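Biologist: I'd like to learn how to read a structure like this one, feature by feature. Could you walk me through it?

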Amino acid sequence: GFRSRAAFKLLELQDKFKLIAPGDFVVDLGAAPGGWVQVAQQLGAKKVVGIDLLEIEPIPDAVLLKGDVADEAMMTRLLEELGDKPNVVLSDMAANTTGHRQTDHLRTVALVELAIEFAFDTLKPGGTFCSKVFQGGTSAELLATLKHRFQEVKHAKPPASRTHSPEIYVVAKGFKG
Ligand code: SAM
């Protein structure tokens, strides 16, 4: 079985957008407890490296790092572990909510920006980026940046994401390099 309910969201996104293909090198940002890593492996990814602030229970053949995506040395290590540029960068990162709406919003936007920056710096041409974003989707500015660098950019709310949840996902395919 999968370790998270989030796994079913990735499966639904996969059905709709064909994010991961056999042989892919996949990076998973905010990977704990590991559901998306399991799904990526099941879809035939050649190598999966996940990172999270939290410790992740081992998954055979996956590299799971404990660290902050904002830590550049950590992200360099992640790329070394991957052994090649990623075809796919996934982010399901979410900050612990403080209850203060504006603070939560800013922290979430900062995480999406981190994920986008990492994808821009590392993806193979033709590569795919998929990230959790919240209410209203990505900001107009982030969306414009993504549209500039990818052939196709879409928003999706997978059915497994509860209707009342503000989360949606942005899917960007065909990285222009
Ligand atoms: N996709 C995962 C799965 O299927 O098991 C679930 C991910 S969970 C919704 C979001 C994760 O993002 C949390 O475990 C949290 O610790 C992680 N996270 C938040 N900020 C992070 C950061 N700056 N660096 C690394 N991980 C982060």
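Biologist: Let me begin with a single pairing: which residue is the bridge partner of K132 in strand 7?

Modeller: The partner of K132 there is Y169. Do keep in mind that this is a predicted model. Strand 5 and strand 7 run antiparallel to each other and are joined over 6 bridges.

Biologist: How far should I trust the prediction, and what is the mean pLDDT of the protein?

Modeller: The general rule first: where pLDDT is low, the predicted coordinates should not be read in detail. Here the protein has a mean pLDDT of 94, with 98% of its residues at 70 or more. Among the elements, strand 1 (residues 25-29) has the highest mean, 99, and helix 4 (residues 101-122) the lowest, 90. For the complex, the predictor reports an ipTM of 0.99 and a pTM of 0.97.

Biologist: Now the sheet. In what order do the strands lie?

Modeller: The 7 strands make an open sheet with mixed pairing, and the order is 3-2-1-4-5-7-6. Strand 3 (63-66) and strand 6 (150-156) are the edges, each pairing on one side only. From one strand to the next, the twist averages 15°.

Biologist: What lies across the sheet, and which strands does helix 4 touch?

Modeller: Helix 4 packs on the sheet against strand 1, strand 4 and strand 5, and its direction makes about 170° with that of strand 4. Helix 1 (residues 6-17) lies across strand 5, strand 6 and strand 7, at about 45° to strand 7.

Biologist: Let me zoom in on strand 4. In which sense does it pair with strand 5?

Modeller: Strand 4 (residues 88-91) and strand 5 are parallel, with 4 bridges. The chain leaves strand 4, passes through helix 4 and arrives at strand 5, making a right-handed β-α-β crossover. One bridge links V88 to T128 in strand 5, and L90 stands opposite C130 in that strand. Strand 1 and strand 4 also pair in the parallel sense over 4 bridges, and there D28 stands opposite L90.

Biologist: How do I read the two faces of a strand, and which residues of strand 5 lie on each side?

Modeller: In a regular strand the side chains alternate between the two faces of the sheet. In strand 5, T128, C130 and K132 are on one side, F129, S131 and V133 are on the other, and all are buried. Strand 4 is covered on both faces too, with V88 and L90 on one side and V89 and S91 on the other.

Biologist: Why is strand 5 described as largely enclosed by the rest of the structure?

Modeller: Strand 5 (residues 128-133) is largely enclosed because 6 of its 6 residues are buried.

Biologist: And the nonpolar interior: how many residues does the largest nonpolar core have?

Modeller: That core has 47 residues, and V26, W36, A40, V89, L90 and A115 have the most contacts inside it. Helix 4 supplies the largest share, 6 residues. Leaving aside residues up to four places away in sequence, A115 touches L29, V89, S91, M93 and S131.

Biologist: W36 and A40 came up there. Which residues of helix 2 are buried?

Modeller: In helix 2 (residues 35-42), the buried residues are G35, W36, V37, V39 and A40. Their cover includes helix 1, strand 1, strand 2 (47-52) and strand 4. Just after helix 2, G44 takes a positive phi of about 95°.

Biologist: One last residue: is D121 buried or exposed?

Modeller: D121, found in helix 4, counts as exposed because it has 11 C-beta neighbours inside 10 Å, and the cut-off for exposed is 12 or fewer. D121 and P159 are 38 residues apart in sequence, and their C-alpha atoms are 31 Å apart in space.

Key. Residues numbered from 1 in each chain as written. Predicted model: local features only at pLDDT ≥ 70, side-chain atom pairs only at ≥ 80, totals over all residues. pLDDT = per-residue confidence, 0-100. Buried ≥ 20, exposed ≤ 12 C-beta atoms within 10 Å, placed from the backbone. Pairing = 2+ DSSP bridges. Right-handed = clockwise from strand over helix to strand, strands pointing away. Axes fitted to C-alpha atoms, helices over the stretch in contact; angles between N-to-C directions. Contact = placed C-beta atoms within 7 Å. Core = buried A, V, L, I, M, F, W, Y, C linked by C-beta atoms within 7 Å.
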